[in-house]
Structure formats: C-alpha cells, structure tokens
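Colleague: Could you take a close look at a single part of this model, begin with one side chain and its surroundings, and then work outwards? I would like one connected account with the numbers kept in view.

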Amino acid sequence: MTHNGFAAYCYDFAAVDSEGRIQRPGSPGTKTADYYMFGRPVYAVADGTVSGIMAGFPDNSPSEYGNEANTITIEHNGFYSFYAHMKNGGILAAEKQQVKAGDLLGYVGNSGMSSQPHLHFCVYGKTEWVSIPFQFKKARVRTGAGQWTWTDRPYNEGETVD
C-alpha cells in the first residue's frame with residue numbers, strides 16, 4: 001500500500017519469512033494467525049510520553065476492514081510517533097506513561113482500515129498532523145533485485161528490512 005497526502009511519509013511494516021511471504025505456507029489466509037505479523041511486538045522508537053491511546057476495537061478478519069484502529073501516540077521532544085493497527089487487548093502502554101526507546105508498547109493486530117496484520121508507523125510534527133520525513137537507523141535492506149545493502153535512507157515499497 002502506498003501512502004500519500006498527509007500520510008506521505010508513513011510506512012506499513014509486515015513480517016515475512018525467508019522467501020518474502022507475509023502468510024504462513026499452507027495457511028488459507030482467512031485468520032489473523034495465518035500472517036507472520038499478527039501478535040509481533042511493537043517497541044517505542046524514542047524516549048517520550050504516551051499522549052494518546054485508542055483501544056477496544058476488534059481485529060478484522062483478513063480481507064475485511066473496520067472503522068477504528070487501536071493506536072498509540074507518543075510525544076517526543078519536537079515530534080510525535082504514531083503506531084496503528086494494534087491488536088485488540090494488545091496495548092500494554094498507558095496514557096501519560098513515560099517510555100524509553102526500545103520499551104515494549106504492545107502487539108500488532110489487524111484493527112481499523114487494515115485488510116491483513118501490519119504495523120502502520122508515522123512521525124508527525126508538533127504543529128500539524130501531517131507525516132514528516134525522518135531518518136532510520138542504519139539497517140540491512142534487501143531490494144527488489146534481491147541484493148542486501150546497509151542503508152539509513154527511507155525504505156521503498158517491497159523492500160525487506162532485516
């Protein structure tokens with residue numbers, strides 16, 4: 001899925017196996033557990049304060065969509081990080097909680113406008129709810145050509161981040 005407009009710098013992350021599949025081999029893809037990403041842990045990207053949580057929304061069956069997503073918003077020094085499609089009952093953080101980079105926030109689900117389990121992640125500025133570009137830490141990335149490279153540039157659709 002490609003984002004644009006106010007979400008132009010948002011990313012959707014899905015777990016894959018060594019073959020690049022998002023769904024467990026032999027599974028029909030009709031249950032959230034058929035997908036590698038469902039139930040995977042989500043960690044805070046930086047120190048901050050949890051400024052908003054939306055919770056209590058059910059996880060969709062694959063190929064279906066809901067209205068509201070379970071989300072976490074964290075206020076950092078100068079920006080916000082936003083995590084969406086969290087698992088129903090899987091948010092461990094609490095509003096006004098202080099978090100450190102790497103703290104466990106909860107688990108990936110399939111709530112809201114999501115047809116299969118994934119983590120929707122954005123960084124927003126302090127003054128507008130519009131996604132802003134941000135710098136990734138250096139990571140190993142496999143491109144569409146199947147080559148692995150170390151980079152801290154923005155990721156492209158279809159790349160695998162190790």
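**A histidine and its surroundings**

Modeller: The side chains of His118 and Ser114 are joined by a polar contact of 3.3 Å. Please read this distance, like every value that follows, as computed from a predicted model. His118 sits in the loop between strand 7 and strand 8, the latter spanning residues 119-125, and it counts as buried because its relative accessible area is 10%, where the cut-off for that word is under 20%.

Ser114 is one of the polar partners of this side chain; the side chain of Asp12 makes a polar contact of 3.4 Å with that of His118, and the side chain of His85 makes a polar contact of 3.5 Å with it. If residues up to four places away in sequence are set aside, His118 touches Asp12, Phe13, Ala14, Met37, Ala84, His85, Val108 and Gly109, so that Asp12 and His85 appear in its contact list as well as among its polar partners, at 3.4 Å for Asp12 and 3.5 Å for His85.

It is worth following the contact to His85, which belongs to strand 5, residues 79-91. His85 is buried, because its relative accessibility is 7%. With residues up to four places away in sequence again left out, His85 touches Ala69, Asn70, Val108, Gly109, Asn110, Ser111, Met113, Ser114, His118 and His120. Ser114 is therefore in the contact list of His85, while its side chain also makes the polar contact with His118 at 3.3 Å, and Val108 and Gly109 are named among the residues touched by His85 and again among those touched by His118.

From His85 the description leads into a pocket, the second largest, which has a volume of about 240 Å³. It is lined by 15 residues, and the closest to its centre are Ala69, Ala84, His85, Met113 and His120. Ala69, Met113 and His120 are also in contact with His85, whereas Ala84 is touched by His118. Strand 5 contributes the most to this lining, with 3 residues, and the lining as a whole divides into 6 nonpolar, 7 polar and 2 charged residues.

A further polar arrangement can be described around Ser131, in the loop between strand 8 and strand 9. Ser131 is buried, because its relative accessible area is 4%, and a polar atom of its side chain lies 2.9 Å from the backbone nitrogen of Tyr9 and a polar atom of its side chain lies 3.2 Å from the backbone nitrogen of Ala8. Beyond residues up to four places away in sequence, Ser131 touches Phe6, Ala7, Ala8, Tyr9, Cys10, Val123 and Tyr124. For a sense of distance, Ser131 and Glu75 are 56 residues apart in sequence and 14 Å apart in space, taken C-alpha to C-alpha.

Working outwards from these buried side chains, we come to the charged pairs. Side chains of opposite charge can pair when their charged atoms come close. The structure holds 5 salt bridges, and among them is the one between Asp17 and Arg21, with the closest N and O atoms 2.8 Å apart. Asp17 is buried at a relative accessible area of 14%, while Arg21 is partly exposed at 37%.

Another salt bridge joins Lys100 to Asp47, with 4.0 Å between the closest N and O atoms. This pair links distant parts of the chain, 53 residues apart, since Lys100 is in the loop between strand 6 (98-99) and strand 7 (104-108) and Asp47 is in the loop between strand 2 (41-43) and strand 3 (48-54). Lys100 counts as exposed at 52% relative accessibility, and Asp47 as partly exposed at 42%.

Arg140 and Asp162 form a salt bridge too, with their closest N and O atoms 2.9 Å apart. Distant parts of the chain are again linked, 22 residues apart, with Arg140 in strand 9 (residues 139-142) and Asp162 in the segment after strand 11 (160-161). Arg140 is partly exposed at a relative accessible area of 29%, and Asp162 is exposed at 59%.

As a last point of reference, Asn156 is placed in the loop between strand 10 (148-151) and strand 11 and counts as partly exposed at 47% relative accessibility. Asn156 and Tyr107 are 49 residues apart in sequence and 24 Å apart in space, C-alpha to C-alpha.

Methods: Residues numbered from 1 in each chain as written. Predicted model: local features only at pLDDT ≥ 70, side-chain atom pairs only at ≥ 80, totals over all residues. Heavy atoms only, no water. Helix = DSSP H or I, 4+ residues; strand = E, 2+ residues; numbered from the N terminus. Buried < 20%, exposed > 50% of the residue type's maximum accessible area, 1.4 Å probe, protein only. Polar contact = N/O pair within 3.5 Å; in protein donor to acceptor, adjacent residues only side chain to side chain. Contact = heavy atoms within 4.5 Å. Salt bridge = Lys/Arg side-chain N within 4 Å of Asp/Glu carboxyl O. 1 Å grid on protein atoms, 1.4 Å probe; cavity = no way out; pocket = protein on both sides within 12 Å on 5 of 7 lines; lining within 4 Å. Points joined across faces, edges and corners; volume = space filled by probe spheres on them. Nonpolar A, V, L, I, M, F, W, Y, C, P; charged D, E, K, R; others polar.
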